Amino acid sequence: MAAVEQQAPSGESADRFGMRRKSAGGPDERLAATGRFTQLIRRPETGAAAGFFATMIIFALLPGAANLYSLQGSMTFLTLSAELGIIATAAALLIIAGEFDLSVGSMIGFAGVVIGLAVRELHFPLWGGIGLAFAAAILTGYLNGLIVVKTRLPSFIVTLASLFILRGLSIGITRAVTGRTQIPYILEDVPDPATAALFNGHLLTGFFQWMATQGWIAARSDGTPFVTGIPMSIVWWLALTALAGYVLTQTKYGNWIFATGGDADIARNVGVPVGRVKISLFIYTACAATLLATIQVMEAGSADTTRGLLKEFEAIIAAVIGGVLLTGGYGTVYGVLFGSLIFGLVQMGIFYTGIDTDWFKVFLGIVILIAVLVNNYIRVKALGRGGGK
Amino acid sequence: MNVPAMELRGVSVNFGSVKALQDIDIRVFPGEVHCLLGDNGAGKSTLIKVLSGVHRPSSGAIFVEGRPVAFRNPRDAQGYGVATVFQDLGMISLMSITRNFFLGREPTKSGLPFSRINKEFANRTARQAMADIGIDIRDPTQAVGTLSGGERQSVAIARAVHFGAKVLILDEPTSALGVHQAAMVLKLIVEARMRGLAVIFISHNIHHAYPVGDTFTLLNRGRNRGTYAKSAITRDEVISIMSGGEDLKAVEAEIERLLASIGNKAAAPAFPPP
């Protein structure tokens, strides 16, 4: 008793309780152990970044590397990465908040159909069709989130239902209205180059043209370069990644995302609006799918009810490769950027090496397995010691 | 000092036909450590849930600083300055000390495109709040999951103190801890007491409760078996009342009879050497 109440006059003599008072200034002698390497490896995006550079080196050593790493080849695989990255970033935030959205792929198909039908059948202006698709996405995301939050059912099941419902609606409505499963010539009757360019244009076209005239990049016989600029899909991807990264790590809302996925009950007890966080992220994934659908429709000029098949799984895989913990509460969007890069690189790399693209899925499976193992290892490292909560 | 920081008057809690708590009176004053002691099933968990706002009493009243209150939930209770550190500590292991410390109360500053958490301020404040109560944390950005049990408990207590708790309720804060870690938490309890907080310390471990407690309320089978100032009761008396005194003697006598009846068999080694 006496020992407990006795106040230690200086820092050192408080040591009897295995603790010391904070002395003014000076580093803590217990902090020394963490080296730079451990600190680096503790960052959740490190595994994915290392994986990306390893994949780059592997393909550099294989035949076809010159084509893969040419400006044209790079732009192609970056576009593939961008299209995946747009939805993977959204999926990652949702996974960090502890939920899944399996309806992303179907939402891509559905949003395309909405744009196509609105423009072709209802004679909406192009921006109107796109607006309608985003409205449908907000509603879908809201319903997904609301059902998950209110019923406390696993989002895996709830969004699996949405996966089938949205896909069924896409095919059913399109066939009922047009008698086909594709909606062609969407851009024909509605010339709206400004809106289309927002999703399908290129940035820095002048610069690329100038580089072509200087003879620095490959050009056609008429002098126009093969790569006319940076596709808008890449711009959207990088912008959304930067924005999502800022929100997740710098804002109050980002803190709530981590807390919601870390332990929803504890988060709720300290006043985090867990339901609102989840619902807003379901809306974000649906909108990201719609953005991708819009880009694809602008690019192809047509909508197809089978668009986006299996994209939900690719998005989840890219997030996991990027170091996002499947059980929630931990991860980064910058890792997902590398996860998407690996995906695009492997897909194009296999094409350029001349390996039968049938093997892409085998490769993909192996990459996923490695990613999950690394994911687990990093999590343990992040906690600084073995396993457990 | 005459107005209790928190008071329960005639509180009973029924779950269907089960009377979990009957007619409990408790008063705790600022600068006092009030220990609630009881064996398993004594009603400690139910009582803490009433104090913290998880359960509403079936009858009776709760007063905070003399005013009657009805907590809707733990967060509501916090608004009255009644902070509870539950056994899960209300902290998320994968998040950093600072992020946990300010969760739900993040300090922000303007930023583009959205206002951002003021991390320098948050880290500094979390560190300072810990230092104020005598805990030195290595790095406020490390995950709570990397801390020891005692350190986690300390962060949770520091958070409650920093955000202006007048009544600090601790649910078995030392039960899962080793000797050194428990001592660290007990010292924090004394520290909180010296700052004028009313501390309600729930425990079934008299050896942890007795050194720091000023007042002891003993619970048994949902009833208050008496509230004693420390000067009025010894450690052994507390143990005796907690375990139901006469009951324990009866159990001891029964065990002795049992041992006597098996006599020689028990004395012989179970596995005689070959």
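In which sense, and over how many bridges, do strand 4 of chain B and strand 5 of chain B pair? In this predicted model, strand 4 of chain B and strand 5 (residues 67-69) of chain B pair in the antiparallel sense, over three bridges. Within this pairing, Ile62(B) has Val69(B) in strand 5 as its bridge partner. The two strands form a hairpin with two residues between them, and in the turn Glu65(B) has a positive phi of about 50°.

Strand 4 (residues 59-64) of chain B also pairs with strand 1 (residues 6-15) of chain B. This pairing is likewise antiparallel and extends over five bridges. Here Phe63(B), in strand 4, is the bridge partner of Glu7(B).

Turning to chain A, 17 helices and four strands are found in this chain. Chain A has 389 residues, of which 47% are buried. When contacts in chain A between residues at least 6 apart in sequence are considered, 76% join residues at least 24 apart.

The largest nonpolar core contains 181 residues. The members that touch the most other members are Ile87(A), Ala91(A), Leu93(A), Ala111(A), Ala289(A) and Ala319(A). Helix 14 (residues 274-300) of chain A gives the most to this core, contributing 17 residues. The surroundings of Ala289(A) can be described in further detail. With its neighbours within four places in sequence left aside, Ala289(A) is in contact with Ile87(A) and Ala111(A), both of which are also listed among the core members that touch the most others. Its further contacts, under the same condition, are Val104(A), Met107(A), Ile108(A), Ala137(A) and Gly308(A).

Notes: Residues numbered from 1 in each chain as written. Chains lettered and ligands numbered in written order. Predicted model: local features only at pLDDT ≥ 70, side-chain atom pairs only at ≥ 80, totals over all residues. Core = buried A, V, L, I, M, F, W, Y, C linked by C-beta atoms within 7 Å. Buried ≥ 20, exposed ≤ 12 C-beta atoms within 10 Å, placed from the backbone. Contact = placed C-beta atoms within 7 Å. Pairing = 2+ DSSP bridges.
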